[in-house]
Amino acid sequence: MSAPQHDLKDAYDVVVVGAGGAGMAAALTAAAHGLDVALIEKSAYFGGSTARSGGGVWIPGNYALQDARQVDPGDLEAAETYLDTIVGDRVPKARRDTYLHRGAEAMDFLKQHIPTRFTWVPDYSDYLPEQPGGRAAGRSVEPIPLDARFLGEELDRLHPPYTKAPANLIVTQASFRKISLGLRTLRGPITMIKVMVARMVSLMLGRKMYAMGNAIAIGLRKGLMDLDVPVFYETPLTDLEITDGSVTGVVVERNGQRHTIGARRGVILGSGGFEHNQTLREKFLPQPTDENWSTGAASNTGAALEAGIAAGAATDLLDDAWWGPTIPLPRGPWFCLAERNLPGSIIVNSAGQRFMNEALPYVEATHAIYDGEATGISHVPAWMIIDQRYRNRYLFAGLSPRQPFPGRWYKEGTVVKAGSIADLAAKIDVPADALQATLKRFNGFAKSGIDEDFHRGESAYDKYYSDPRVKPNPSLHVIDQGPFYAVKIVPGDLGTKGGLLTDERARVLTTSGEVLPGLYAAGNASAAVMGNTYPGPGGTIGPAIVFGYLAALDVAQNSAGAN
Ligand SMILES: Cc1cc2nc3c(=O)[nH]c(=O)nc-3n(C[C@H](O)[C@H](O)[C@H](O)COP(=O)(O)OP(=O)(O)OC[C@H]3O[C@@H](n4cnc5c(N)ncnc54)[C@H](O)[C@@H]3O)c2cc1C
């Protein structure tokens, strides 16, 4: 089986731009409501960053949380308080509340139209759980691995992965947490055996299993196939067509030619952020910045932003991103997650000083890097300092415990090794006495269990990827067993979060605050509903799905002229 081929028509009710999470959710919703839809995609793949992602979805109160009995009484009100506190007025309350109050409905819609099912990620804490309304047990769900044979040849168009587990093992977020601890707990090897057995069973039965973001993208693509929605690959949007102040279509390139495709009722932009546009990065993001530090889909180059600005749209949050401390590995950027929380590591600046709780949620951690850089002391790169004990215990950037760092990592300067802290400091050009003093102080904190400087290990989030065998603080361990390693850390990202300003119906607003008739945006093409922060695991795909869904519903319910 393969997806049916369609000819490109001159006009549709709705043209959706971008076959990622937001775009596919929007196209699916529009089609399910009887609209004639075309989905145009720049790359040769479906899924975008959504397919590359961990597949976490943060939508309070959704069916999977209910199934797991993880919706506390009054949870939506608590989630409202949480976003009121952490996002605040940076984003209008109407938009935040709409997200919370319509999110579960969007997930129910997906349940009806795609084969992917979600399940609670146990205890994957909200990122700022101690803030009012935060939830330490988490509100994040992820896809249950699914067999994608139903996509037939269309499966070849799944966006290439960010990273592959060895031997194509299917690892979920929940299992990764246990595996990252190596042999430190029994759960690690037991989970590994389960994952390997599942892989063998799949091989024997000829199944093609996918998890995480792959499973979201595959499910959405199947939903579109079932509703016979045409997806036009290698057909990038270059411009918007405007008639009498309304967006009435898109201009695309296809087979080397320009085409205008009319959109009778609306255009929905779901074409991601501008993470792979170095010029836009230098224009808007804090410096230094490098598109090679982004793990987002390479085809996300800010098309919606540029076309929207040209059409008079307002923008917001362009100086921010879904940041994360990142290791610039020779094979590509590694988004650093568990590595920062596990005990026996610290991160220092060029002065050899710690400057944050290393286990901070990734957006906040990278804000700390740039805030530090702004003081005039170089924080880019920063250096993660670890010792051999840490290396022997835990997974690290895809390497098994004890596995030596590849020679290329040393050759390209990503990792530096030395027998003493003084030698390590000299090799990374950091004052030796300062680094030694930092470690001495930190090792004291590790022994007492209290990080007097940055409170690492106090938040429920810090503890999620920590080592329960380490006492008294599972996120702190002395670093004293050479050889020692310094690993380069740069301010990378999962994608940008600034984009076109939208209202609670996902309608794009103009610079004068009016609705720009006929134009909608969702996902990273729009300015994030989460403002400058990140509420919990899944806080970007959640809004991409919900506002993609709401945009299409709005189109279905209101023609462009009636906006
Ligand atoms: C490694 C990794 C892990 C992540 N883990 C998570 C997670 O667990 N939970 C979470 O919430 N977020 C996660 N994220 C972030 C999340 O994946 C993205 O923020 C989200 O998927 C963005 O969705 P989107 O629909 O806006 O964009 P995308 O999914 O990137 O889709 C955009 C699509 O638009 C297409 N496009 C671009 N330009 C054009 C054009 N000119 N014309 C037509 N099409 C165009 C692109 O090719 C792409 O297919 C992760 C990201 C990465 C990279």
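Q: What sign does phi take at Gly 206, just after helix 7?
A: As background, most residues other than glycine have a negative phi, and most peptide bonds are trans. In this model Gly 206, which comes just after helix 7, takes a positive phi of about 70 degrees; helices here are DSSP runs of H or I with at least four residues and strands are runs of E with at least two, numbered from the N terminus. The model is a predicted one, in which local features need pLDDT of at least 70 and side-chain atom pairs count only at pLDDT 80 or more, whereas totals for chains, interfaces and linings use all residues. Residues are numbered from 1 along each chain as its sequence is written.

Q: What span does helix 7 reach from its first C-alpha to its last?
A: The expected span of a helix is 1.5 Å times one less than its number of residues. Helix 7 (residues 187-205) has 19 residues and reaches 27 Å, close to the 27 Å expected.

Q: Which residues of helix 7 are buried?
A: A residue is buried if 20 or more other C-beta atoms, placed from the backbone, lie within 10 Å of its own, exposed if 12 or fewer do, and partly exposed in between. In helix 7 the buried residues are Gly 188, Thr 191 and Val 195. They cover an arc of only 70 degrees around the axis, taken from the directions from the helix axis to the C-beta atoms, and therefore sit on the same side of helix 7. The face turned away from this buried side carries exposed residues, including Ile 190, Lys 194 and Met 200.

Q: Against which helix do the buried residues of helix 7 pack?
A: Contact requires that the C-beta atoms of two residues, placed from the backbone, lie within 7 Å. The buried residues of helix 7 pack against helix 6 (173-179).

Q: Where does Leu 317, which has a positive phi although it is not a glycine, have its place?
A: Leu 317, with a phi of about 60 degrees, has its place in the loop between strand 12 (315-316) and strand 13 (321-329), and Leu 317 is buried, with 20 other C-beta atoms within 10 Å. Arg 69, also not a glycine, has a positive phi of about 55 degrees and lies in the loop between helix 3 (63-67) and helix 4 (75-86); because Arg 69 has 8 C-beta neighbours inside 10 Å, Arg 69 counts as exposed.

Q: Which residue does a cis peptide bond join to Pro 381?
A: Val 380 is joined to Pro 381 by a cis peptide bond, with omega about 5 degrees, and Pro 381 lies in the loop between helix 12 (362-373) and strand 16 (382-387).
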